[in-house]
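Hi,

Here is the model I said I would pass on. Have a look at it first, and my notes follow underneath.

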Amino acid sequence: MATLAPPPPASGVLAHGLPAGTLAPELDLLSTPDGRRVKLSDQKGSPAVLVFYPGDFTPVCTNELGLFNELMPVFGQFGAKVFGISCDSLWSHIAFAKELHIQIPLLSDFHPKGEVSRRYNIYREDVGICERALYVIDGKGVIYWSYVSPIELNPGADGVIDALERLTGKQMEFPTFQPQQQPLQPEARP
């Protein structure tokens, strides 16, 4: 079981992010220990969802990333690629993803500290973390929708799904889950 740290020593919203219609700043962030990187320019042609979150192993971030992880099949319906980004180190991301079974690529904005968060106007200089922010970027690299949440609140995914529906012209299909049928076992008789 993971031990969760207390929430960051900050609240509300201090940096308000970039608005829709803005060309999304490039990002080129480390995603694996072997040096693989994710570049926003490599995502052209498909929508991208950037989930900026303050820190690994914090209660609200754990819930938020868990939600986005569970909704990966829904985002796939829109052809969207989802990336989690925080100012934590790559090694912290690896432990966080392993402990919580997160499949979303987690990108490290650790060094130079907060460089990408600064470009997206969501870096909190006072505590060295990013705001809790969501961006939907269209296939041309333009911010289609953005939202900066109060840092202590999980914004959920409704805004992202609504933006992807409007961007792609597709409606979300609700996944159907079929319970696994277990063969009936004869009752044991004494």
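Before the details, one term: a contact here means heavy atoms within 4.5 Å. The model is a predicted one, so to speak of local features I needed pLDDT of at least 70, side-chain atom pairs count only at pLDDT 80 or more, and totals for chains, interfaces and linings use all residues. Residues are numbered from 1 along each chain as its sequence is written, and side-chain values use heavy atoms, with hydrogens and water left out.

A good place to start is His93, which is found in helix H3. Which residues does His93 touch, not counting those up to four places away in sequence? They are Tyr53, Asp56, Ser86, Asp88, Leu106, Leu107 and Ser108. With a relative accessible area of 2%, His93 is buried (under 20% relative accessible area; exposed is over 50% and partly exposed is in between, with a 1.4 Å probe and protein chains only).

Now the overall layout. The protein has five helices and nine strands; these are DSSP runs numbered from the N terminus, with helices being H or I of at least four residues and strands being E of at least two. From the N terminus on, the order is β-β-β-α-α-β-α-β-α-β-β-β-β-α. Of the 190 residues, 46% are buried. Take the contacts between residues at least 6 apart in sequence: 67% of them join residues at least 24 apart. The exposed area is about 10400 Å², and carbon and sulfur atoms supply 56% of it (Shrake-Rupley method, 1.4 Å probe; for residues, only the protein chains shown count as cover).

Back to the surroundings of H3. Strand E4 (residues 81-86) is largely enclosed by the rest of the structure, because five of its six residues are buried. E4 runs parallel to strand E3 (residues 48-52), with five bridges joining them (two strands pair if DSSP finds at least two bridges between them). The bridge partner of Ala48 in E4 is Lys81. E4 also runs parallel to strand E5 (residues 106-108), this time through three bridges, and Ser86 has Ser108 as its bridge partner in E5. E4, H3 (residues 90-100) and E5 together make a right-handed β-α-β unit; right-handed means that, with the strands pointing away from the viewer, the path from the first strand over the helix to the second runs clockwise.

On cysteines: how many disulfides does the structure hold? Zero, where a disulfide is a pair of cysteine sulfur atoms within 2.5 Å. The closest cysteine sulfur to that of Cys87 is in Cys130, 4.9 Å away, so the two are too far apart for a bond. Cys87 counts as buried at 3% relative accessibility, and Cys130 does at 0%.

Last, the packing. The largest nonpolar core has 27 residues, and those with the most contacts inside it are Val49, Leu65, Phe68, Phe75, Val160 and Leu164. (A nonpolar core is a set of buried Ala, Val, Leu, Ile, Met, Phe, Trp, Tyr and Cys residues joined through side-chain atoms within 4.5 Å.) At least two residues of this core come from each of E3, helix H1 (59-70), helix H2 (72-77), H3, strand E8 (132-137) and helix H5 (158-168). H5 gives the most, with four residues. Apart from this core lies another, of 23 residues, including Ala24, Val116, Tyr120 and Tyr123.

Cheers
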